Amino acid sequence: MELRVLRYFLAVAREENITKAAAMLHLTQPTLSRQLMQLEEELGVQLFQRSRYRIILTNDGMLLRRRAQELVDLADKTAREFSERETELMGEIAIGAGETRSMTALSRAIQSFRTLYPKVVFRIFSANADDVKERLDMGLLDMGLLTEPVDVGKYAFCRMQEKDRWGVLVRADSPLAALEAVTPEDLEAVPLLCSGREGVQRELANWFGDRWERLEIAATFNLILNAANMVRCGVGAALGFDLNLAFDDLRFLPLSPAMETGTVLVWKKDQVLSPVMEVFRRHAKSAL
């Protein structure tokens with residue numbers, strides 16, 4: 001597979017129309033159609049379902065779209081790293097981050113760094129720790145801000161000072177809203193929303209003890225804003241961090257006994273960093 005052809009494939013997948021994609025790519029329609037057919041022959045699968053007015057990705061096509069985008073992103077990132085080697089520090093740093101209060105400290109480090117090097121651009125990818133680690137291992141991210149539990153054995157890391165406090169997000173009209181804190185017993189009869197990460201669920205199971213098996217888990221999530229929407233609509237109460245978010249119709253209650261989680265800023269161990277990444281690494285370790 002050539003990167004050029006993968007870019008053609010992505011353009012067609014995005015436009016869902018060969019004529020439009022060909023015009024955008026400055027190709028003739030027969031040339032683009034031939035490239036796509038050769039790609040299908042090379043892979044031995046059908047990538048598109050074709051109709052008169054549009055084409056739709058098959059399941060194999062959707063898989064290739066994800067992999068092709070990762071390959072193209074990695075190739076573009078590599079090209080940018082080589083183009084960054086100029087006298088003035090410039091370039092891009094990609095950081096994956098979960099929802100954590102430690103993002104405030106990292107944001108301040110980014111701000112102070114850009115005061116020194118205004119031509120450096122940061123690209124932030126928001127996801128849970130497992131998704132961030134996957135993209136970090138693939139080389140699509142330079143750094144990851146990961147909430148524990150996480151295996152940092154293959155990473156170099158800097159431990160963040162602030163810890164995240166666990167609690168539950170409830171509607172303001174919930175009977176729980178009158179409490180100052182919630183215990184495992186308070187939550188036993190309440191539909192709950194929690195993280196889909198297995199490691200996090202194990203931590204919560206330890207906190208709930210024997211009651212964990214009797215809980216009603218209504219949904220799992222990886223972004224608290226979506227969870228807050230479900231809480232607002234009455235799906236359940238959301239277990240998560242106190243991110244100091246203001247919701248007029250919701251209330252955050254800390255867990256009792258208290259439960260806290262640490263955060264680490266990680267990057268790949270034993271690898272040559274790009275010039276801009278090496279300078280930011282030193283700056284971040286000093287600032288954090």
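# Exercises on a predicted model

From strand β3, Gly 91, Ile 93, Ile 95 and Ala 97 point one way, while Glu 92, Ala 94 and Gly 96 point the other way, and all are buried. The model is predicted, and the exercises below start from this strand.

## Exercise 1. Strand β3 and its partner

Determine how many residues of β3 are buried, and state in which sense β3 and strand β4 run.

Solution.

1. Strand β3 spans residues 91–97, and 7 of its 7 residues are buried.
2. The buried residues include both sets of side chains: Gly 91, Ile 93, Ile 95 and Ala 97 on one side, and Glu 92, Ala 94 and Gly 96 on the other.
3. Strand β4 covers residues 120–126, and 7 bridges join it to β3 in the parallel sense.
4. One such contact is that of Ala 94, whose bridge partner in β4 is Arg 123.

## Exercise 2. The partners of strand β7

Identify which residues stand opposite Arg 165 in β12, Trp 166 in β10 and Arg 171 in β11.

Solution.

1. Strand β7 runs over residues 164–171 and is mostly covered, with 6 of its 8 residues buried.
2. With β12 (residues 260–261), β7 pairs in the antiparallel sense over 2 bridges; here Arg 165 stands opposite Glu 260.
3. With β10 (residues 237–241), the pairing of β7 is again antiparallel, over 4 bridges, and Phe 241 is the bridge partner of Trp 166.
4. With β11 (residues 250–254), β7 is joined by 5 bridges, the two strands running antiparallel; Arg 171 stands opposite Leu 250.

## Exercise 3. The enclosed space

Find how much space lies in the largest cavity, and decide which element supplies the largest share of its lining.

Solution.

1. Rolling a probe the size of a water molecule over the atoms shows where empty space is left.
2. At a threshold of 30 Å³ or more, the structure holds 1 cavity.
3. The largest cavity contains about 290 Å³ of space.
4. It is lined by 20 residues, of which Glu 99, Thr 147, Ser 195, Asn 222 and Phe 241 are the closest to its centre.
5. Strand β10 gives the largest share of this lining, with 3 residues.
6. By class, the lining of the largest cavity consists of 10 nonpolar, 7 polar and 3 charged residues.

## Exercise 4. Two helices with a buried side

For α5, establish which residues are buried and which are exposed on the other side; then treat α2 in the same manner.

Solution.

1. An α-helix has 3.6 residues a turn, so residues three or four places apart point the same way.
2. Helix α5 comprises residues 102–116, 15 residues in number, and reaches 22 Å from its first C-alpha to its last, close to the 21 Å expected at 1.5 Å a residue.
3. Its buried residues include Ser 102, Met 103, Leu 106, Ala 109, Ile 110 and Phe 113.
4. Viewed down the axis of α5, the buried residues fall within an arc of 120°, so they line one face of the helix.
5. Arg 108, Gln 111 and Thr 115 are exposed on the other side of α5.
6. In α2, Ile 18, Ala 21 and Ala 22 are buried.
7. These residues cover an arc of only 100° around the axis, which puts them on the same side of α2.
8. Lys 20 and Ala 23 are exposed on the other side of α2.

## Exercise 5. Backbone geometry in three loops

Locate Glu 16, Asn 244 and Pro 257, and state whether the peptide bond from Ser 256 to Pro 257 is cis or trans.

Solution.

1. Most residues other than glycine have a negative phi, and most peptide bonds are trans.
2. Glu 16 is in the loop between α1 (3–15) and α2 (18–25), and its phi is positive, near 60°.
3. Glu 16 counts as partly exposed because its relative accessibility is 30%.
4. Asn 244 lies in the loop between β10 and β11, and its phi is likewise positive, near 60°.
5. Asn 244 counts as exposed because its relative accessibility is 60%, the cut-off for exposed being over 50%.
6. Pro 257 is in the loop between β11 and β12; the peptide bond leading from Ser 256 to Pro 257 is cis, with omega near 5°.

## Exercise 6. The chain as a whole

Report how many helices and strands the protein chain has, and what percentage of its residues count as buried.

Solution.

1. The secondary structure comes to 10 helices and 13 strands.
2. Of the 288 residues of the protein chain, 45% count as buried.
3. Along the principal axes, the C-alpha atoms fill a box of roughly 65 × 50 × 35 Å.

Terms used:
Residues are numbered from 1 along each chain as its sequence is written. This is a predicted model: local features need pLDDT of at least 70, side-chain atom pairs count only at pLDDT 80 or more; totals for chains, interfaces and linings use all residues. Side-chain values use heavy atoms; hydrogens and water are left out. Buried means under 20% relative accessible area, exposed over 50%, partly exposed in between (1.4 Å probe, protein chains only). Two strands pair if DSSP finds at least two bridges between them. On a 1 Å grid over the protein atoms alone, a cavity is a set of points where a 1.4 Å probe fits but cannot get out, and a pocket is an open set with protein on both sides within 12 Å along at least five of seven lines; lining residues have an atom within 4 Å of a point. Grid points are joined across faces, edges and corners, and a volume is the space filled by probe spheres set on the points. Ala, Val, Leu, Ile, Met, Phe, Trp, Tyr, Cys and Pro count as nonpolar, Asp, Glu, Lys and Arg as charged, and the others, Gly among them, as polar. The expected span of a helix is 1.5 Å times one less than its number of residues. The arc is that of the directions from the helix axis to the C-beta atoms.
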